[in-house]
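Student: Could you take a close look at the nonpolar and aromatic packing here? One connected answer is fine.

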Amino acid sequence: MSEKAIAYLKENQDALLQKLYDFLAIPSVSTDPAHKADVQRAADFLTDYLRELGFEGVEKMETKGHPLVYAEYTEAGPDAPTVLLYGHYDVQPVDPLDLWDSEPFRAEVRDGRIYARGSSDDKGQTFMHLAVFEAFLKTEGKLPMNVKVCIEGEEEIGSENLYELLQDKKDQFQADFAVISDSGMAEKNQPTILYGLKGFTGIEITLTGPDHDLHSGMYGGAVRNPLMAMSHLLASMKDENEVITVNGFYDVVEDLTPAERELMEKAPGEDFVKATNIPETVSEKGYTAKEHTMGRPTLEVNGLFGGYQGEGTKTIIPSRATAKITCRLVPGQDPQDVQEKLVNHVRQHAPSGVHVHVQKEKLSAKAYKVEPDHPLIKKAARSYTKAFGKETVFLRMGGSIPVVEWLEATYQYPIVLLGFGTPEDRLHSPNESFPVDSFEKGMETLAYYWSELDETIPE
């Protein structure tokens, strides 16, 4: 069934690419109110395309923010599986504009890559699914499975209203499993199964000393410096071996199994030293950098500020210091529990002489993991290998996709991450791009996957 669809994709590649370029040309920046109308236009593009394909119940679901695009295809019949397809059509801002080598919202192909904001994250990958649906419908007249489409417009601002929508419309989003293409591969043209994602949580700490900046000569030695206090506090949270010293942080963390460590070792990975221009990697004692990134929790200081930032010297004791901290979590860790442990540590270890205020990060998510030998995952691996002509590798990713955990928690169905991006895509940065190879072979992968699904989904 996939051969005709794949032939269609190849014969119509130029037309499909042009349609993608039209989609990428819409500056659907969800965080900027100035682009509110553009976000609506991107949603309209999707609803128009889905209606052209013959999907039913196509609508822009209104939220408190940007709309979610929903549609259904039920012609495969009651015995065929139903998949929920998730993606997002909003994109990051393009700043700084002067670092782009071409217009960010006018797609340009250079050296085999499509340069445009959203080409990889996530317009390009979401569009691939719709193009494959088009190929099946134009050649076979039907899809091999039933589909529920869920494409939101707020992923880049934390999916602010998605969770509430999923809770309010449980029946509408119920399916046998979900597929998400908002991730990538270990390297270009290396098919990769992501079978795990880290969770996420964090806190913001503010230490306040005097009610205004003080002369360091007149008050130094009598008044605690909030920046120095913050330095001591942060140093108490992780040691020089990258071991987190917050009490109870590792209580429910399971060690990596020998089988998982073998999978991680076999998988190609980024050369961290070369890619980031650092002297050497650092990782938790007893684990390699790949193992720590993929399968062990982290604690990082994302921002540290206070005091004088200008040129030269200003001899002050600053009135306050602030640190932003986030943690990437592994299966078993609960974000709220980790936040409480962080808060308790701050209260217990904050130096005297300063007031302490801790604000918890609102957006949190648990880690997600599916067994690599799950039938749906094995089918995905075979489809990748067939399209790319290379054995599929299995990875756990250090990043987080909150909607994955939300879907699992709400519906308890498996989630397959079919991503086609590469480490060179420069997500969220100037000159974001996506390989034309990934566009072509990714759609072949999807065509194979949909056509080879069993009529029933294993438990």
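Student: Over which ring does the charged end of Lys123 sit?

Tutor: This is a predicted model, where local features need pLDDT of at least 70, side-chain atom pairs count only at pLDDT 80 or more, and totals for chains, interfaces and linings use all residues. Residues are numbered from 1 along each chain as its sequence is written, and side-chain values use heavy atoms, with hydrogens and water left out.

The charged end of Lys123 sits over the ring of Phe23, 5.0 Å from its centre (the rule: NZ of Lys or CZ of Arg within 6 Å of the ring centre and within 35 degrees of the ring normal). Arg110 does likewise with Tyr115, at 3.9 Å.

Now the core. The largest nonpolar one has 103 residues, and Phe55, Phe133, Phe173, Leu407, Tyr449 and Trp450 have the most contacts inside it. Such a core joins buried Ala, Val, Leu, Ile, Met, Phe, Trp, Tyr and Cys through side-chain atoms within 4.5 Å, buried being under 20% relative accessible area (1.4 Å probe, protein chains only). Apart from it lies another core of 23 residues, including Ile205 and Val343.

Ring pairs also link Phe55, Tyr73, Phe133, Tyr449 and Trp450 into a cluster; rings of Phe, Tyr and Trp (its six-membered ring) pair if their centres lie within 6.5 Å. The count comes to 13 aromatic pairs. One of them, Phe45 with Tyr49, is edge-to-face (planes over 60 degrees apart), at 6.4 Å centre to centre and 70° between the planes. Phe45 counts as buried because its relative accessibility is 16%, and Tyr49 is buried too, at 2%.

Key. Buried means under 20% relative accessible area, exposed over 50%, partly exposed in between (1.4 Å probe, protein chains only). Rings of Phe, Tyr and Trp (its six-membered ring) pair if their centres lie within 6.5 Å; planes under 30 degrees apart count as stacked, over 60 as edge-to-face and the rest as tilted.
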